[in-house]
2 protein chains.
Amino acid sequence: MDKKDLFGICPYVTSQKVLSGKWSIYLLYLLKDGPVRFNELKRMMPEEITHTTLSRQLKSLEDEGLIVRKEYSQIPPKVEYFLSEIGDKFDKVLIALGEWGDEYIHFLEEKA
Amino acid sequence: MDKKDLFGICPYVTSQKVLSGKWSIYLLYLLKDGPVRFNELKRMMPEEITHTTLSRQLKSLEDEGLIVRKEYSQIPPKVEYFLSEIGDKFDKVLIALGEWGDEYIHFLEEKA
DNA sequence: CCGCATCCCGGTGGATACTG
DNA sequence: CAGTATCCACCGGGATGCGG
């Protein structure tokens, strides 16, 4: 096995790279139930995230093949995002991650 | 719900933060079967990672409570790392992530 | 309504070298 | 064998503003 670069070889290293965006996991979570428009998404996110950043994060996920961007040619413009096939399969991870995350939050509270 | 900062509230946002380190997931994977020494760990990782970086990543995971560092007072020094209780519970996520990662790699190959 | 071009800034990872 | 101290380069995220 080539130790130089495990991307595309090791599932963990590969996943890590995909999930590196600051909001990627949360976005996948928000999209898991179907198409959402850009501004809806923005409203669902913490206030701190800006327009630009959200746009970039979505573009990354799109480039990586996890989500699909659908543009409606109309005035005013309308764009929807939804999970691709491989993005949809991520739900298993999301479930495990959600459960673990809750336990971890609990752990943090106890420690404090 | 306070939209200002979801860390410690939303399990996804919280998890995201923990997993932000470039090697965190892979390290958790390598440690899942029991204690491993520093240099062993280094040998199991891609060549690119340096001593310093590995040390920092481990420290982060330790600070976050996912792993435990055990030092043996002897010459030469010996240090072992292993999963904490909450770190051990991460195995569910690891499994889901491993499966998805393989599917994703497959997806990437088809696209190419 | 949505995306992009810029600029800026901080964090994080990598390289090197030195301690116990 | 393991860790730490520095320094540096890079990248990603935030802010702002324009364009379609």
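Select B:Arg37 and B:Glu80 to begin. In this predicted model, B:Glu80 sits in S3(B) and is the bridge partner of B:Arg37. Now show the whole of strand S1 of chain B, residues 36-37. S1 and S3(B) are joined by 2 bridges and run antiparallel.

Keep B:Glu80 selected and add B:Lys70. These two residues stand opposite each other, with B:Glu80 in S3(B). Extend the selection to S2(B) and S3(B): the two strands run antiparallel and are joined by 6 bridges. What holds strands of a sheet together? They pair through backbone hydrogen bonds, in either a parallel or an antiparallel sense.

Follow the chain from S2(B) to S3(B). The connection is a hairpin of 5 residues. B:Pro76 is in this loop, between strand S2 (67-72) and S3 of chain B. Select B:Ile75 together with B:Pro76 and look at the bond between them. The peptide bond there is cis, with omega about -5 degrees.

Next, select helix H2 of chain B, residues 24-31. Is this helix largely enclosed or open? Because 7 of its 8 residues are buried, H2 of chain B is largely enclosed by the rest of the structure. To see them, pick B:Ser24, B:Ile25, B:Tyr26, B:Leu27, B:Leu28, B:Leu30 and B:Leu31, which are the buried residues of H2(B).

**Chain A: the sheet**

Hide chain B and show the strands of chain A. They form an open sheet of 3 strands in the order S1-S3-S2, with antiparallel pairing. Strand S1 (36-37) and S2 of chain A are the edge strands, since each of them pairs on one side only.

Select S2(A) and S3(A). The pairing between them is antiparallel and covers 6 bridges. One place to look is A:Lys70, whose bridge partner in S3(A) is A:Glu80. Then add helix H2 of chain A, residues 24-31. This helix packs on the sheet and touches S1, S2 and S3 of chain A. Turn the view to compare directions: H2 of chain A makes about 100 degrees with S3(A).

Move on to the loop of chain A between strand S2 (67-72) and S3, where A:Pro76 lies. A cis peptide bond links A:Pro76 to A:Ile75, with omega about -5 degrees.

**DNA strand D**

Bring back both chains and select DNA strand D. How many residues are around this strand? There are 21, and those that come nearest are A:Thr50, A:Thr52, A:Thr53, B:His51 and B:Arg69. Of the atoms of DNA strand D that come within 4 Å of the protein, 58% are accounted for by sugar and phosphate.

Now zoom in on three side chains of chain A:

- A:Thr53 has a polar side-chain atom 3.1 Å from a phosphate oxygen of DNA strand D.
- A:Gln57 has a polar side-chain atom 2.9 Å from a phosphate oxygen of DNA strand D.
- A:Arg56 reaches a base, with a polar side-chain atom 2.8 Å from a base nitrogen of DNA strand D.

Which elements give two or more residues to this surface near DNA strand D? They are helix H4 (51-63) of chain A, and helix H3 (38-44), helix H4 (51-63) and strand S3 (78-83) of chain B. H4(A) gives the most, with 4 residues. Colour the residues near DNA strand D by type, and you should find 7 nonpolar, 9 polar and 5 charged.

**DNA strand C**

Finish with DNA strand C, which is surrounded by 21 residues. The closest are A:His51, A:Tyr81, B:Thr50, B:Thr52 and B:Arg56. Sugar or phosphate holds 58% of the atoms of DNA strand C within 4 Å of the protein, and the rest belong to bases.

Three side chains are the stops here:

- A:Tyr81 places a polar side-chain atom 2.6 Å from a phosphate oxygen of DNA strand C.
- B:Thr53 has an N or O atom in its side chain 3.2 Å from a phosphate oxygen of DNA strand C.
- B:Thr52 has a polar side-chain atom 2.5 Å from a base oxygen of DNA strand C.

Which element supplies the largest share of the surface near DNA strand C? It is H4(B), with 4 residues. Helix H3 (38-44), H4 and strand S3 (78-83) of chain A and H4 of chain B each supply at least two residues. By type, the residues of this surface near DNA strand C are 7 nonpolar, 9 polar and 5 charged.

How values were computed
Residues numbered from 1 in each chain as written. Chains lettered and ligands numbered in written order. Predicted model: local features only at pLDDT ≥ 70, side-chain atom pairs only at ≥ 80, totals over all residues. Heavy atoms only, no water. Near = heavy atom within 4 Å. Polar contact = N/O pair within 3.5 Å; in protein donor to acceptor, adjacent residues only side chain to side chain. Nonpolar A, V, L, I, M, F, W, Y, C, P; charged D, E, K, R; others polar. Buried < 20%, exposed > 50% of the residue type's maximum accessible area, 1.4 Å probe, protein only. Pairing = 2+ DSSP bridges. Contact = heavy atoms within 4.5 Å. Axes fitted to C-alpha atoms, helices over the stretch in contact; angles between N-to-C directions.
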